[in-house]
Amino acid sequence: MDFLRAATTEARPQYKVILYPENGVALSVKSHTELEIGFGNGEFTVQYARLHPDILLYGLEISQACVLRCARRSEGLDNLRIINTDARYMLKELFADETLTRIIMQFPCPWSGSSNAHRRVTAKDFAGSLAAVLKVGGEFYFVSDDEEYSQEVKSVLGSHEALELVSFEINPSREITTKYERKWLEQGKNIHVLRFKKVKAFTIARQVMDRGMHMKIDRKVNSQNIESLKNVTGRNRDNKTFWKFGRCFTDGKTFLLETLTSDDEFEQKFYINISLRDEGSLIRLDRTANAFLTPAVRASLEDVSQRLSS
Ligand SMILES: C[S@@+](CC[C@H](N)C(=O)[O-])C[C@H]1O[C@@H](n2cnc3c(N)ncnc32)[C@H](O)[C@@H]1O
(Lines give C-alpha, C1' and ligand atoms only; values in the text may rest on other atoms or scores of the structure.)
Protein backbone atom coordinates (compact mmCIF):
# COMPACT_ATOMS: atom_id res chain seq x y z
CA MET A 1 0.00 0.00 0.00
CA ASP A 2 2.95 2.35 0.60
CA PHE A 3 3.61 3.09 -3.04
CA LEU A 4 -0.03 4.10 -3.40
CA ARG A 5 0.13 6.30 -0.33
CA ALA A 6 2.98 8.14 -2.02
CA ALA A 7 0.66 8.88 -4.94
CA THR A 8 -2.16 10.47 -2.94
CA THR A 9 -3.19 14.06 -3.38
CA GLU A 10 -1.68 14.78 0.03
CA ALA A 11 1.78 13.52 -0.86
CA ARG A 12 1.73 14.64 -4.50
CA PRO A 13 -0.92 17.20 -5.30
CA GLN A 14 -0.33 16.63 -9.01
CA TYR A 15 -1.56 13.01 -8.67
CA LYS A 16 -5.28 12.48 -8.37
CA VAL A 17 -5.57 9.41 -6.16
CA ILE A 18 -7.99 9.35 -3.26
CA LEU A 19 -6.43 6.62 -1.18
CA TYR A 20 -9.34 6.15 1.12
CA PRO A 21 -12.56 8.13 0.82
CA GLU A 22 -13.88 9.33 4.15
CA ASN A 23 -15.76 6.52 5.80
CA GLY A 24 -19.30 6.21 4.53
CA VAL A 25 -19.41 9.72 3.14
CA ALA A 26 -20.64 9.87 -0.43
CA LEU A 27 -18.10 11.45 -2.74
CA SER A 28 -18.72 15.03 -3.72
CA VAL A 29 -19.99 15.58 -7.24
CA LYS A 30 -20.49 18.43 -9.69
CA SER A 31 -23.57 18.89 -11.86
CA HIS A 32 -21.89 16.83 -14.59
CA THR A 33 -20.00 13.97 -12.98
CA GLU A 34 -19.02 10.77 -14.75
CA LEU A 35 -17.44 7.54 -13.59
CA GLU A 36 -15.25 4.99 -15.30
CA ILE A 37 -15.17 1.50 -13.80
CA GLY A 38 -12.07 -0.68 -14.29
CA PHE A 39 -9.92 1.87 -16.14
CA GLY A 40 -6.82 -0.37 -16.49
CA ASN A 41 -3.73 1.65 -17.28
CA GLY A 42 -5.82 4.82 -17.64
CA GLU A 43 -5.08 5.49 -21.31
CA PHE A 44 -8.73 6.29 -22.09
CA THR A 45 -9.39 7.91 -18.69
CA VAL A 46 -6.72 10.55 -18.96
CA GLN A 47 -7.46 11.41 -22.60
CA TYR A 48 -11.16 11.66 -21.81
CA ALA A 49 -10.60 13.94 -18.80
CA ARG A 50 -8.32 16.17 -20.92
CA LEU A 51 -10.87 16.42 -23.74
CA HIS A 52 -13.69 17.28 -21.30
CA PRO A 53 -12.36 19.72 -18.70
CA ASP A 54 -15.89 20.64 -17.56
CA ILE A 55 -16.69 17.11 -16.46
CA LEU A 56 -15.64 15.79 -13.06
CA LEU A 57 -14.46 12.25 -13.77
CA TYR A 58 -14.06 9.54 -11.14
CA GLY A 59 -12.36 6.21 -11.77
CA LEU A 60 -12.71 3.05 -9.69
CA GLU A 61 -10.12 0.35 -10.23
CA ILE A 62 -9.42 -2.77 -8.20
CA SER A 63 -5.77 -3.14 -9.17
CA GLN A 64 -3.28 -1.01 -7.25
CA ALA A 65 -0.72 -1.27 -10.04
CA CYS A 66 -3.27 0.15 -12.50
CA VAL A 67 -4.17 2.98 -10.12
CA LEU A 68 -0.55 3.98 -9.89
CA ARG A 69 -0.06 3.83 -13.67
CA CYS A 70 -3.11 6.01 -14.22
CA ALA A 71 -2.00 8.39 -11.47
CA ARG A 72 1.32 8.93 -13.22
CA ARG A 73 -0.45 9.73 -16.48
CA SER A 74 -2.87 12.11 -14.77
CA GLU A 75 -0.37 14.78 -13.74
CA GLY A 76 -1.76 18.26 -14.18
CA LEU A 77 -5.40 17.19 -14.52
CA ASP A 78 -7.79 18.85 -12.09
CA ASN A 79 -10.98 17.08 -13.09
CA LEU A 80 -9.99 13.46 -12.39
CA ARG A 81 -10.18 11.49 -9.10
CA ILE A 82 -9.17 7.85 -8.95
CA ILE A 83 -9.90 5.36 -6.22
CA ASN A 84 -8.48 1.90 -5.60
CA THR A 85 -11.48 -0.22 -4.72
CA ASP A 86 -13.83 -2.98 -5.80
CA ALA A 87 -16.59 -1.31 -7.79
CA ARG A 88 -18.96 -4.25 -7.39
CA TYR A 89 -19.51 -3.45 -3.73
CA MET A 90 -18.41 0.17 -3.46
CA LEU A 91 -20.26 1.80 -6.37
CA LYS A 92 -23.46 2.17 -4.35
CA GLU A 93 -21.56 3.09 -1.18
CA LEU A 94 -19.45 5.88 -2.70
CA PHE A 95 -22.15 7.61 -4.71
CA ALA A 96 -25.56 8.84 -3.60
CA ASP A 97 -28.67 8.27 -5.72
CA GLU A 98 -29.02 10.36 -8.88
CA THR A 99 -25.49 11.80 -8.86
CA LEU A 100 -23.79 10.48 -12.01
CA THR A 101 -24.53 11.63 -15.53
CA ARG A 102 -22.67 8.75 -17.14
CA ILE A 103 -20.94 5.51 -16.16
CA ILE A 104 -18.38 4.05 -18.54
CA MET A 105 -17.19 0.45 -18.52
CA GLN A 106 -14.89 -0.69 -21.29
CA PHE A 107 -13.56 -4.16 -21.96
CA PRO A 108 -14.27 -5.69 -18.56
CA CYS A 109 -12.95 -9.24 -18.22
CA PRO A 110 -15.73 -11.50 -19.57
CA TRP A 111 -15.27 -13.98 -16.67
CA SER A 112 -16.61 -16.92 -18.65
CA GLY A 113 -17.73 -20.04 -16.78
CA SER A 114 -20.30 -20.36 -14.04
CA SER A 115 -17.75 -20.28 -11.18
CA ASN A 116 -16.84 -16.71 -12.21
CA ALA A 117 -20.37 -15.53 -12.96
CA HIS A 118 -20.49 -13.52 -9.71
CA ARG A 119 -17.71 -11.25 -11.02
CA ARG A 120 -19.62 -10.08 -14.09
CA VAL A 121 -21.38 -6.77 -14.43
CA THR A 122 -24.58 -8.73 -14.82
CA ALA A 123 -24.24 -10.38 -11.40
CA LYS A 124 -26.57 -9.80 -8.50
CA ASP A 125 -27.23 -6.22 -7.51
CA PHE A 126 -24.84 -4.50 -9.87
CA ALA A 127 -27.60 -3.39 -12.23
CA GLY A 128 -29.41 -2.00 -9.18
CA SER A 129 -26.32 -0.08 -8.09
CA LEU A 130 -25.94 1.42 -11.58
CA ALA A 131 -29.62 2.29 -11.68
CA ALA A 132 -29.47 3.99 -8.28
CA VAL A 133 -26.44 6.23 -8.75
CA LEU A 134 -27.20 7.35 -12.32
CA LYS A 135 -29.35 10.45 -12.77
CA VAL A 136 -32.67 9.92 -14.53
CA GLY A 137 -31.73 10.33 -18.20
CA GLY A 138 -28.13 9.33 -17.40
CA GLU A 139 -26.23 6.74 -19.41
CA PHE A 140 -24.42 3.46 -18.80
CA TYR A 141 -21.91 3.01 -21.63
CA PHE A 142 -20.58 -0.54 -22.01
CA VAL A 143 -17.92 -1.70 -24.48
CA SER A 144 -16.72 -5.26 -25.02
CA ASP A 145 -15.01 -7.41 -27.62
CA ASP A 146 -16.88 -10.44 -26.29
CA GLU A 147 -20.12 -11.13 -28.16
CA GLU A 148 -21.61 -13.54 -25.61
CA TYR A 149 -20.93 -11.23 -22.69
CA SER A 150 -22.39 -8.26 -24.59
CA GLN A 151 -25.57 -10.24 -25.28
CA GLU A 152 -25.83 -11.15 -21.60
CA VAL A 153 -25.40 -7.51 -20.56
CA LYS A 154 -28.03 -6.50 -23.12
CA SER A 155 -30.55 -8.95 -21.72
CA VAL A 156 -29.85 -8.55 -17.98
CA LEU A 157 -29.47 -4.76 -17.79
CA GLY A 158 -32.08 -4.22 -20.48
CA SER A 159 -34.67 -6.01 -18.37
CA HIS A 160 -33.99 -3.91 -15.26
CA GLU A 161 -37.05 -1.83 -14.43
CA ALA A 162 -35.12 1.47 -14.34
CA LEU A 163 -32.79 0.89 -17.33
CA GLU A 164 -33.56 0.87 -21.03
CA LEU A 165 -31.31 -0.30 -23.86
CA VAL A 166 -30.83 2.66 -26.21
CA SER A 167 -28.45 1.13 -28.73
CA PHE A 168 -26.31 -1.92 -29.48
CA GLU A 169 -23.72 -1.09 -32.13
CA ILE A 170 -20.87 -3.04 -33.65
CA ASN A 171 -17.65 -1.18 -34.42
CA PRO A 172 -19.07 2.36 -34.28
CA SER A 173 -16.53 5.16 -34.58
CA ARG A 174 -15.47 6.32 -31.12
CA GLU A 175 -13.94 9.54 -29.83
CA ILE A 176 -11.05 7.75 -28.10
CA THR A 177 -9.68 4.31 -28.78
CA THR A 178 -7.16 2.43 -26.68
CA LYS A 179 -4.16 0.34 -27.61
CA TYR A 180 -5.95 -2.98 -26.99
CA GLU A 181 -9.00 -1.91 -28.92
CA ARG A 182 -6.91 -0.99 -31.96
CA LYS A 183 -5.12 -4.33 -31.69
CA TRP A 184 -8.38 -6.29 -31.57
CA LEU A 185 -9.81 -4.38 -34.50
CA GLU A 186 -6.64 -5.13 -36.48
CA GLN A 187 -7.15 -8.81 -35.64
CA GLY A 188 -10.64 -8.61 -37.09
CA LYS A 189 -12.50 -8.79 -33.75
CA ASN A 190 -15.75 -6.90 -33.35
CA ILE A 191 -16.24 -4.20 -30.73
CA HIS A 192 -19.73 -4.13 -29.20
CA VAL A 193 -20.95 -0.82 -27.79
CA LEU A 194 -24.09 -0.78 -25.65
CA ARG A 195 -25.82 2.29 -24.29
CA PHE A 196 -28.45 2.15 -21.57
CA LYS A 197 -30.52 5.03 -20.26
CA LYS A 198 -31.92 5.38 -16.77
CA VAL A 199 -35.61 5.96 -17.28
CA LYS A 200 -37.02 6.28 -13.79
CA ALA A 201 -36.02 6.81 -10.17
CA PHE A 202 -34.54 3.80 -8.41
CA THR A 203 -32.76 3.22 -5.13
CA ILE A 204 -30.84 0.45 -3.43
CA ALA A 205 -30.03 -0.22 0.24
CA ARG A 206 -26.58 0.90 1.41
CA GLN A 207 -24.56 -1.16 3.86
CA VAL A 208 -21.82 1.13 5.09
CA MET A 209 -22.44 3.22 8.19
CA ASP A 210 -20.86 6.64 8.44
CA ARG A 211 -20.35 6.81 12.17
CA GLY A 212 -17.39 5.59 14.21
CA MET A 213 -18.10 2.61 16.41
CA HIS A 214 -16.59 1.79 19.78
CA MET A 215 -17.56 -0.42 22.70
CA LYS A 216 -16.64 -0.46 26.36
CA ILE A 217 -16.41 -3.64 28.38
CA ASP A 218 -15.98 -3.91 32.15
CA ARG A 219 -13.11 -6.34 32.00
CA LYS A 220 -9.45 -5.28 31.78
CA VAL A 221 -8.14 -7.61 29.10
CA ASN A 222 -4.66 -9.14 28.92
CA SER A 223 -2.50 -10.67 26.17
CA GLN A 224 -3.81 -14.16 26.86
CA ASN A 225 -7.42 -13.04 26.35
CA ILE A 226 -6.56 -11.50 23.00
CA GLU A 227 -4.30 -14.37 21.90
CA SER A 228 -7.29 -16.69 22.42
CA LEU A 229 -9.02 -14.90 19.53
CA LYS A 230 -6.37 -15.94 17.00
CA ASN A 231 -7.91 -17.83 14.07
CA VAL A 232 -11.43 -17.37 15.46
CA THR A 233 -13.90 -16.96 12.59
CA GLY A 234 -17.51 -15.90 12.35
CA ARG A 235 -20.17 -15.54 9.67
CA ASN A 236 -23.75 -14.43 9.55
CA ARG A 237 -26.61 -16.76 8.73
CA ASP A 238 -26.90 -16.00 5.03
CA ASN A 239 -23.13 -16.51 4.59
CA LYS A 240 -22.67 -13.08 3.03
CA THR A 241 -20.65 -11.73 5.92
CA PHE A 242 -17.47 -13.35 7.20
CA TRP A 243 -14.68 -12.35 9.59
CA LYS A 244 -11.47 -13.85 10.92
CA PHE A 245 -9.01 -12.70 13.59
CA GLY A 246 -5.24 -13.09 13.22
CA ARG A 247 -2.13 -12.06 15.11
CA CYS A 248 -2.05 -9.64 17.99
CA PHE A 249 0.55 -6.92 18.60
CA THR A 250 0.84 -5.15 21.94
CA ASP A 251 2.87 -2.71 24.01
CA GLY A 252 1.19 -3.96 27.20
CA LYS A 253 -1.53 -1.29 27.29
CA THR A 254 -2.88 -1.37 23.76
CA PHE A 255 -3.56 -4.46 21.68
CA LEU A 256 -3.86 -4.49 17.90
CA LEU A 257 -5.78 -7.48 16.59
CA GLU A 258 -5.35 -8.30 12.91
CA THR A 259 -8.79 -8.75 11.33
CA LEU A 260 -10.00 -9.83 7.90
CA THR A 261 -13.61 -9.28 6.85
CA SER A 262 -15.64 -10.08 3.78
CA ASP A 263 -19.02 -8.64 2.78
CA ASP A 264 -20.32 -10.38 -0.29
CA GLU A 265 -16.66 -10.97 -1.27
CA PHE A 266 -15.67 -7.34 -0.62
CA GLU A 267 -12.59 -7.91 1.51
CA GLN A 268 -10.99 -5.59 4.05
CA LYS A 269 -7.96 -6.08 6.28
CA PHE A 270 -7.42 -3.87 9.32
CA TYR A 271 -6.62 -3.78 13.04
CA ILE A 272 -9.07 -3.70 15.91
CA ASN A 273 -7.64 -1.58 18.72
CA ILE A 274 -8.29 -2.78 22.27
CA SER A 275 -6.95 -0.43 24.93
CA LEU A 276 -6.97 -0.56 28.72
CA ARG A 277 -8.94 2.15 30.51
CA ASP A 278 -9.26 2.99 34.22
CA GLU A 279 -12.30 0.77 34.37
CA GLY A 280 -12.34 -1.92 31.75
CA SER A 281 -11.28 -1.85 28.09
CA LEU A 282 -12.24 0.08 24.97
CA ILE A 283 -12.71 -1.69 21.63
CA ARG A 284 -12.71 0.20 18.33
CA LEU A 285 -11.22 0.28 14.85
CA ASP A 286 -7.61 1.33 14.92
CA ARG A 287 -6.95 4.77 13.48
CA THR A 288 -4.84 3.21 10.72
CA ALA A 289 -7.72 0.89 9.81
CA ASN A 290 -9.09 2.74 6.79
CA ALA A 291 -11.93 0.24 6.77
CA PHE A 292 -15.48 1.02 5.75
CA LEU A 293 -17.99 0.22 8.48
CA THR A 294 -19.65 -2.60 6.58
CA PRO A 295 -21.86 -5.22 8.28
CA ALA A 296 -18.86 -7.61 8.55
CA VAL A 297 -16.68 -4.95 10.19
CA ARG A 298 -19.43 -4.13 12.69
CA ALA A 299 -19.98 -7.84 13.38
CA SER A 300 -16.24 -8.39 13.98
CA LEU A 301 -16.16 -5.57 16.55
CA GLU A 302 -19.25 -6.94 18.29
CA ASP A 303 -17.77 -10.43 18.29
CA VAL A 304 -14.54 -9.21 19.94
CA SER A 305 -16.54 -7.32 22.53
CA GLN A 306 -18.73 -10.33 23.37
CA ARG A 307 -15.88 -12.81 23.55
CA LEU A 308 -13.74 -10.54 25.73
CA SER A 309 -16.63 -9.69 28.05
CA SER A 310 -17.32 -13.26 29.00
C1 LIG B 1 -9.50 -6.00 -19.30
S2 LIG B 1 -9.19 -4.61 -18.30
C3 LIG B 1 -9.76 -3.24 -19.25
C4 LIG B 1 -9.11 -1.96 -18.88
C5 LIG B 1 -9.57 -0.69 -19.61
N6 LIG B 1 -10.97 -0.39 -19.38
C7 LIG B 1 -9.28 -0.77 -21.11
O8 LIG B 1 -10.22 -0.70 -21.89
O9 LIG B 1 -8.09 -0.93 -21.48
C10 LIG B 1 -10.40 -4.72 -16.99
C11 LIG B 1 -10.04 -3.84 -15.80
O12 LIG B 1 -11.09 -3.90 -14.82
C13 LIG B 1 -10.50 -3.95 -13.53
N14 LIG B 1 -11.49 -4.57 -12.61
C15 LIG B 1 -11.89 -5.87 -12.58
N16 LIG B 1 -12.80 -6.06 -11.61
C17 LIG B 1 -12.99 -4.85 -11.01
C18 LIG B 1 -13.82 -4.41 -9.93
N19 LIG B 1 -14.61 -5.27 -9.29
N20 LIG B 1 -13.77 -3.11 -9.57
C21 LIG B 1 -12.95 -2.24 -10.23
N22 LIG B 1 -12.14 -2.61 -11.25
C23 LIG B 1 -12.17 -3.90 -11.65
C24 LIG B 1 -9.25 -4.78 -13.73
O25 LIG B 1 -8.30 -4.58 -12.71
C26 LIG B 1 -8.77 -4.27 -15.08
O27 LIG B 1 -7.91 -3.16 -14.95
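**Strand pairing and the ligand shell**

In this predicted model, Ile-104 stands opposite Tyr-141 in strand β6. The pairing to which these residues belong joins β5 to β6 (residues 134-144) through six bridges, and the two strands run parallel. Strand β5 is also joined to strand β2 (residues 33-37), here by four bridges and again in a parallel arrangement, with Ile-37 placed opposite Met-105 of β5. Of the seven residues that make up β5 (residues 100-106), five are buried, and the strand is therefore largely enclosed by the rest of the structure.

A further set of strands forms an open sheet, in which six strands follow one another in the order β9-β14-β13-β12-β11-β10 with antiparallel pairing. Its edges are formed by β9 (214-217) and β10 (233-235), each of which pairs on one side only, and from one strand to the next the twist averages 20°. At the β10 edge, three bridges connect this strand to β11 (residues 241-250), the two running antiparallel, and Arg-235 is found opposite Phe-242 in β11.

The ligand is surrounded by 19 residues, of which Gly-38, Gly-40, Ile-62, Ser-63 and Ala-87 come nearest. Two elements, β3 (56-61) and α4 (87-94), each give two or more residues to this shell. In terms of residue character, the shell around the ligand comprises 11 nonpolar residues, together with five that are polar and three that are charged.

Terms used. Residues are numbered from 1 along each chain as its sequence is written. This is a predicted model: local features need pLDDT of at least 70, side-chain atom pairs count only at pLDDT 80 or more; totals for chains, interfaces and linings use all residues. A residue is near a molecule or strand if its C-beta atom, placed from the backbone, lies within 6 Å of it. Ala, Val, Leu, Ile, Met, Phe, Trp, Tyr, Cys and Pro count as nonpolar, Asp, Glu, Lys and Arg as charged, and the others, Gly among them, as polar. A residue is buried if 20 or more other C-beta atoms lie within 10 Å of its own, exposed if 12 or fewer, and partly exposed in between; C-beta atoms are placed from the backbone. Two strands pair if DSSP finds at least two bridges between them. Axes are lines fitted to C-alpha atoms, for helices over the stretch in contact, and angles run from 0 to 180 degrees between N-to-C directions.
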